[in-house]
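This report covers a ligand site, a pocket and some unusual backbone features. The sequence and structure come next.

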Amino acid sequence: MAKKPLHEDPIKHIVWKGDRLIVLDQRYLPRTVKYATCRSAADVAKATKDMVLRGAPLIGCAAAYGMALAARRNRLSEVLKAEPVLRRARPTAVNLMHALDHMLAVAKAGPEKTLSKRMAAAAVKYYEDDLGFNARMAALGAALLRRGSNVITHCNAGALATAGIGTAVGMIRGGWLAGKVKHVYPCETRPYLQGARLTLWELMMAGIPATLITDNMAAHLMKTRKIDAVIVGSDRIAANGDVCNKIGTYGLAILARHHRIPFYVVAPSTTVDLSTKHGDLIPIEERSIQEVVEIFGAKIAPKGAKAHHFGFDVTPHALVTAIVTEKGVVSPVNGANLRKVLNS
Ligand code: MRU
């Protein structure tokens, strides 16, 4: 099968219609492809909270469109009211806060009579910028890989999580096109199964050889097979380079270090939070334990079972080989190098 070019987007997962935002409902993928319509900022906030859409950069893009919806009647007061509703939707992905800060600044920067037009244009630009970041990171990231690499990835940091081809999956797709990626092992990513449901779906659509593993198979695979890289995305990178990402990422980073496997994080500058000094200060989302004690409504733990459901964990920067941003590659990973690349 011919390799699909990077710009080809087989997934229409977020479509701006001017007076509404159509989003692919990721909760039912890959079995059912159905769309939800957001007509207000509150609808966007609810879709984000309920995981209809997810993934840090996509959450940011959707919030930007949510602000544009709030601006439709040219009333700044309605934008100011919508902003905290969107901000509360999810706590960890800092792209949400970045998008809202940006859109607030746009709202306040001109006359009220042009509010709707300015906000819609800014939201479209915010989305298009993310799309461009993805392509740039794919090229920069692919250059780091050795030919014929077998890679592990976690969660879904692909097209579904961004405006473009994805962050970690974008680097994988860039590497695949350049003949550098041979095989991909997505971890299933308990409990929400973003790896099994979403990443594997994307990789298969792109024609990239991929084999699903459960999260607890990663160590065995690293020990017994040739694994050349672990590549993940991020929800928030602290000022010192600590990386917050989907629960399970920290464990993968420790395993990679033990097996001397490079551990790459791919994330746009909109994921970097210089106001948070280190990773332990990042708010970690705790989700309903129903998502742990049940799978698709089927109970798997005893009635009344206690459970934890941490959505994310933090990988210390010392375990990260490189952070790939659209502005350049940060390596070794530390606060000074991160700032240097971001300011370049
Ligand atoms: O809870 P989710 O599915 O929104 O978590 C997504 C992740 O953890 C991704 O790895 C991260 O947002 C990077 S997406 C390019």
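## Ligand contacts

In this predicted model, an N or O atom in the side chain of Asn-245 lies 2.7 Å from an oxygen atom of the ligand. Two further side chains make contacts of this kind. For Gln-194, an N or O atom of the side chain is 2.8 Å from a ligand oxygen atom. For Lys-246, a polar side-chain atom is likewise placed 2.8 Å from an oxygen atom of the ligand.

How much of the ligand does the protein bury? The ligand taken alone exposes 420 Å², and 100% of that is buried by the protein. In total, 18 residues surround the ligand. Asn-245, Lys-246 and Gln-194 are among the closest of them, together with Arg-54 and Arg-90.

## The largest pocket

The largest pocket holds about 380 Å³ of space. Its lining is made up of 17 residues, and those closest to the centre are Arg-27, Tyr-192, Ile-295, Phe-296 and Gly-297. Sorted by class, the lining of the largest pocket has eight nonpolar residues, six charged and three polar.

Which elements supply at least two residues each to this lining? Both α10 (290–293) and β11 (294–295) do. Where does the pocket lie with respect to the domains? The largest pocket lies between domain 1 (14–134) and domain 2 (138–342), because both give residues to its lining.

## Cis peptide bonds

Two peptide bonds that lead into proline residues deserve a look in the viewer. The bond from Arg-190 to Pro-191 is cis, and its omega is near 0 degrees. Pro-191 sits in the loop that runs between β5 (181–186) and α7 (194–205). Gln-194, whose side chain contacts the ligand, falls within the bounds of α7 (194–205).

Ser-331 and Pro-332 are also joined by a cis peptide bond, here with omega at about -5 degrees. The loop that holds Pro-332 is the one between β15 (328–330) and α11 (335–342).

## A positive phi angle

Which sign does phi have at Cys-155? Phi is positive there, at about 60 degrees, although Cys-155 is not a glycine. Cys-155 is placed in the loop between β4 (149–153) and α6 (168–177).

Technical notes: Residues numbered from 1 in each chain as written. Predicted model: local features only at pLDDT ≥ 70, side-chain atom pairs only at ≥ 80, totals over all residues. Heavy atoms only, no water. 1 Å grid on protein atoms, 1.4 Å probe; cavity = no way out; pocket = protein on both sides within 12 Å on 5 of 7 lines; lining within 4 Å. Points joined across faces, edges and corners; volume = space filled by probe spheres on them. Helix = DSSP H or I, 4+ residues; strand = E, 2+ residues; numbered from the N terminus. Nonpolar A, V, L, I, M, F, W, Y, C, P; charged D, E, K, R; others polar. Domains from an automatic or database assignment. Near = heavy atom within 4 Å. Polar contact = N/O pair within 3.5 Å; in protein donor to acceptor, adjacent residues only side chain to side chain. Areas by Shrake-Rupley, 256 points an atom, 1.4 Å probe, with all protein chains shown as cover.
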